[in-house]
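Me: Could you walk me through this model before I set anything up with it? I'd like to go topic by topic.

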Amino acid sequence: MVQLRPTPSVLDIAARLEEAGFEAWCVGGAIRDALLGDAPLDWDLASPARPEQVQALFGRRRTIPVGIEFGTVSVLDGAGIAHEITTFRRDVRTDGRHAVVEFGATLEEDLARRDFTINAIAYRPLTHEMRDPFGGRRDLDGRVLRAVGDAEARMREDRLRALRAIRFAARFSLTIEPATRTAIENSSPHLTRLSAERVQQELFKSMQQVPSAGAAIRLWRDSGAVRVLLPALGDISETSLATLDLLPRDAGGRAPQPQRTSNRLAALFLDVTAGEARRTLTALRFSKHETSWVSSIVERWQSLSGEMTMVLSSRAPSDAEVRRWLARLGRLHAGGFLRVATARWNASRGSPPTPGSEVPSAAAVCSLHRRMRRSQFRDPIDLGDLRIDGDDLRRLGIPTGPIYAKILHALLERVLEDPARNTPEALLTEVPGLAASLSSGTGTSAHHSTER
């Protein structure tokens, strides 16, 4: 038998409840994860104690009424970490997202209202007793995701359960049993009842938690959820899904890497316009930072990937080409872009070839990585790297105006071709000729999406 080891703080809280005459059972995801061999830190408790009794037992300073109408009170441990205690309850009615509950239920009735058998297991630390009335351990052992009781009824009670089912199945490599899968598919047309924030949270968690995120989005697609909730991705390809699978997830822990989740989100939208990506993420209430990052990576992929693919598939790019690509990517986005692009190229390499679908070799991409890393913080690639600026142009007597930007961009183009030209003397020598040609309209300059 797997040894369940709730944290000392949880054991102390459970002991306090038991001493006051209330059963204390660990429930939910922590039990599931522990039985799968993980070491969860976030343990929730269920008890017959009502919210006001929990507050009286632990005191107002240690309790937070996070969902008191649903029977949930958070209790702070000595380190200030919150642990939820929820009163045994049963549903009276539900509207497909929110339930009206009543207290006074038994543990078995409380477990019966949960979504999936793997989440309907309870463990009592005081006696080491386990309750598993719906065969959750059997389903964990068999790698099966099954709704508690009537699958259709469970989905009607809370439409979010369809998305949670998909995430759990993909995260833990579970097979969704037929009745539950049918209920998920039948629930898809009703997913519009979910708030944008709830959909965003499920999408984000899938990108963050699932080892092969493509598996989760494939289930979204095949169940009909993508067309309902993410219409811009309605025709998402297997190559896009394979790209997600090749991008690592944020393992969390003491050294979280949230950029990995952002890169996965960007990879999800590579085949739609940057504007569509931005509109979709904005509608889902993603943060401005996340939305900007994703749309920026998508924009750069769509403007640069064709050129980069063509060059890398046929020859090694010149140093000047590498610098120009970096200038268009910008230092801030270069690393993320390369990670996403590499995953996309690797995924495309495994797809059936079609005319014009050349893909760079792994060796060519690896070489580009090395060369870009060397150039990224060594070479001048944006306007801020130029050894002269607008003040220097002003001292030369050039009237202030839009021509300043044109001159500086033209100088940057010359420096990207040959970084040795980035000296004040060399640049100032070229300014009069550029000013004359640009003023007369005969000069040309390359404009880059540079970042300062």
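Reply: What follows takes the sheet, its helices, the aromatic rings, the cores and the cysteines in turn, and the model is a predicted one.

Me: ok, sheet to start with. What's the strand order, and is the pairing parallel, antiparallel or mixed?
Reply: The order is β3-β4-β5-β2-β1-β8-β9, seven strands that make an open sheet with mixed pairing. The edges are β3 and β9 (129-131), each of which pairs on one side only, and from one strand to the next the twist averages 30°.

Me: How many bridges between β4 and β5, and which way do they run?
Reply: Strand β4 (residues 72-76) and β5 run antiparallel and are joined by five bridges, with threonine 72 having threonine 86 of β5 as its bridge partner. The two strands form a hairpin with five residues between them, and glycine 80 in that turn has a positive phi of about 80°.

Me: And on the other side of β4, what joins it to β3?
Reply: Three bridges do, again in an antiparallel arrangement, with β3 covering residues 63-67; isoleucine 64 has serine 74 in β4 as its bridge partner. This is also a hairpin, with four residues between the strands and a positive phi of about 90° at glycine 71 in the turn.

Me: Is β4 enclosed or open, then?
Reply: It is largely enclosed by the rest of the structure, because four of its five residues are buried.

Me: Where does the parallel part come in?
Reply: Strand β2 (residues 44-47) pairs with β5 in the parallel sense over three bridges, and alanine 46 has threonine 86 in β5 as its bridge partner. Threonine 86 is therefore named twice here, as the partner of threonine 72 and as the partner of alanine 46, and the general background is that strands of a sheet pair through backbone hydrogen bonds, either parallel or antiparallel.

Me: What about the β8 and β9 end?
Reply: Strand β8 (residues 122-124) is joined to β9 by three bridges, and the two run antiparallel, with tyrosine 123 standing opposite methionine 130 in β9.

Me: Which strands does helix α1 touch?
Reply: Helix α1 (residues 8-19) packs on the sheet and touches β1 (25-27), β2, β4, β5 and β8, with its direction making about 35° with that of β5. Helix α3 (residues 51-58), for its part, lies across β3, β4 and β5 and runs at about 15° to β4.

Me: Switching to one residue: where is phenylalanine 88, and is it buried or exposed?
Reply: Phenylalanine 88 is in the loop between β5 (82-87) and β6 (89-94), and with a relative accessible area of 3% it is buried, since the cut-off for that class is under 20%.

Me: What does it touch further along the chain?
Reply: Leaving aside neighbours within four places in sequence, phenylalanine 88 is in contact with a set of residues including Glu23, Trp25, Ala46, Pro48, Phe103, Leu107 and Asp110.

Me: Now rings. How many aromatic pairs are there in the whole structure?
Reply: A search of the whole structure finds four. In one of them, tryptophan 301 and phenylalanine 337 have ring centres 6.3 Å apart and planes at 45°, so the pair is tilted. Tryptophan 301 belongs to helix α15 (residues 288-314) and phenylalanine 337 to helix α17 (residues 331-349), so this pair ties together parts that are 36 residues apart in sequence.

Me: Does anything else pair with that tryptophan, and what is the geometry?
Reply: Tryptophan 301 also forms a tilted pair with tryptophan 345, at 6.1 Å centre to centre and 55° between the planes. Tryptophan 301 counts as buried at 9% relative accessibility, and tryptophan 345 is buried with a relative accessible area of 2%. Elsewhere, ring pairs link Phe116, Phe168 and Phe172 into a cluster.

Me: And the nonpolar core, how many residues are in the largest one?
Reply: The largest has 119 residues, and those with the most contacts inside it are Leu203 and Trp220. Apart from it lies another core of 10 residues, among them Ala105, Ala120, Ala122 and Val148.

Me: Last topic, how many disulfides should I expect in the structure?
Reply: The structure holds zero disulfides. Cysteine 26 is buried, with a relative accessible area of 0%, whereas cysteine 366 counts as partly exposed at 39%.

How values were computed: Residues are numbered from 1 along each chain as its sequence is written. This is a predicted model: local features need pLDDT of at least 70, side-chain atom pairs count only at pLDDT 80 or more; totals for chains, interfaces and linings use all residues. Side-chain values use heavy atoms; hydrogens and water are left out. Buried means under 20% relative accessible area, exposed over 50%, partly exposed in between (1.4 Å probe, protein chains only). Contact means heavy atoms within 4.5 Å. Rings of Phe, Tyr and Trp (its six-membered ring) pair if their centres lie within 6.5 Å; planes under 30 degrees apart count as stacked, over 60 as edge-to-face and the rest as tilted. Two strands pair if DSSP finds at least two bridges between them. A nonpolar core is a set of buried Ala, Val, Leu, Ile, Met, Phe, Trp, Tyr and Cys residues joined through side-chain atoms within 4.5 Å. A disulfide is a pair of cysteine sulfur atoms within 2.5 Å. Axes are lines fitted to C-alpha atoms, for helices over the stretch in contact, and angles run from 0 to 180 degrees between N-to-C directions.
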